[in-house]
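User: I am new to this structure and would like to understand the terms used to describe it. Please show it first, and then explain how each term is justified.

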Amino acid sequence: MELQEIASWTVAGGAIGRLMHGAARRLVPSPVPGRHLAPHPLPEVVTAALSAALACRIDGWTQLLAYSWFTAVGVSLAVSDLTVRRLPNALIIPAYPVLLALFSVDAATSHSTTPLLRSAASMMVTLVAFTALYAFATGHLGGGDVKLSGLIGLALGWFSWTAVFTGILLAWLLDAFGVVILRLSRKSQAEGLPLGALLIVASITTVVANS
């Protein structure tokens with residue numbers, strides 16, 4: 001991709017990040033007492049930077065659109081989860097058909113359905129696995145995390161099963177590291193980092209690494 005195209009994609013990514021954050025603010029009507037999802041430039045800046053990274057690494061326009069969309073949604077969800085511990089369904093659920101549609105177009109144009117079938121299968125596997133974990137969770141894993149897991153499986157499954165495993169494992173390792181830090185700092189009663197935000201960080205890292 002040419003430098004001018006990368007610059008344009010970066011600007012567009014920042015604008016979408018701003019819109020996504022605004023949507024997230026409207027979709028969290030009852031924030032946790034003492035917290036609120038305020039206007040902030042961080043989602044816009046992070047989404048712009050990630051859009052630039054993806055534009056530098058991904059050649060196909062369809063895949064670039066798919067992962068740029070996934071990243072924009074993910075950043076807004078991560079900020080929401082970190083700030084008010086909420087993962088709005090109205091951001092997660094529509095992202096499924098958008099990714100599926102873009103992946104389907106890419107599969108049709110490349111005449112290869114293997115990545116698409118793997119994405120669909122990994123989406124189902126991660127949903128089933130996280131639903132099972134949720135059934136036995138003690139409060140750390142929420143319903144929003146379960147819905148998010150399927151979206152992550154869908155996105156990472158396009159690359160490989162290894163990418164799915166790596167992304168999920170990285171999130172759990174980050175979570176375990178956070179728990180250890182809290183224990184060492186004698187803050188075991190603190191909330192710690194929400195799993196949803198860690199899943200997003202790990203999955204976006206995996207996307208950039210595999211692109």
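**Core, surface and helices**

Analyst: The largest nonpolar core holds 51 residues, and those with the most contacts inside it are Tyr67, Phe70, Leu77, Leu99, Phe103, Leu148 and Leu199. Two or more residues come from each of helix 1 (3-26), helix 2 (42-57), helix 3 (61-84), helix 4 (89-110), helix 5 (114-135), helix 6 (143-157), helix 7 (161-184) and helix 8 (195-210). Helix 3 gives the most to this core, with nine residues. The model is predicted: local features need pLDDT of at least 70, side-chain atom pairs count only at pLDDT 80 or more, and totals for chains, interfaces and linings use all residues. Residues are numbered from 1 along each chain as its sequence is written, and side-chain values use heavy atoms, with hydrogens and water left out.

User: What makes a set of residues a nonpolar core?

Analyst: The term denotes buried Ala, Val, Leu, Ile, Met, Phe, Trp, Tyr and Cys residues joined through side-chain atoms within 4.5 Å. In soluble globular proteins, nonpolar side chains tend to be buried together.

User: Which residues does leucine 77 touch, not counting residues up to four places away in sequence?

Analyst: Leucine 77 touches Arg86, Leu87, Pro88, Leu91, Ile92, Leu148 and Ile200. Contact here means heavy atoms within 4.5 Å.

User: Why is valine 146 called buried?

Analyst: Buried means under 20% relative accessible area, exposed over 50%, and partly exposed in between (1.4 Å probe, protein chains only). Valine 146 has 10% relative accessibility, so it counts as buried. This residue lies in helix 6 and, leaving aside neighbours within four places in sequence, is in contact with Leu127, Phe130, Thr131 and Tyr134.

User: Why is valine 180 called partly exposed?

Analyst: The relative accessible area of valine 180 is 45%, which falls between the two cut-offs, and therefore the residue is partly exposed. Valine 180 is found in helix 7. With Phe177, Ile181 and Leu184, Val180 makes a nonpolar surface patch of about 420 Å². Such a patch joins nonpolar side chains (Val, Leu, Ile, Met, Phe, Trp, Tyr) within 5 Å, from residues with over 30% relative accessible area and no salt bridge, while like charges are joined within 9 Å. A salt bridge is a side-chain nitrogen of Lys or Arg within 4 Å of a carboxyl oxygen of Asp or Glu.

User: How do you know that the span of helix 4 is close to the one expected?

Analyst: The expected span is 1.5 Å times one less than the number of residues. Helix 4 has 22 residues and reaches 32 Å from its first C-alpha to its last, close to the expected 32 Å. The buried residues of helix 4 include Leu91, Tyr96 and Asp106, and its buried residues pack against helix 1, helix 3, helix 5 and helix 6.

User: What makes histidine 111 exposed?

Analyst: Histidine 111 has a relative accessible area of 74%, which is over 50%, and so is exposed. It lies in the loop between helix 4 and helix 5 and has a positive phi of about 60° although it is not a glycine. Most residues other than glycine have a negative phi.

User: How many helices and strands are in the protein chain?

Analyst: There are eight helices and zero strands. Both are DSSP runs numbered from the N terminus: helices are H or I with at least four residues, and strands are E with at least two.

Conventions:
Accessible areas come from the Shrake-Rupley method with a 1.4 Å probe; for residues, only the protein chains shown count as cover.
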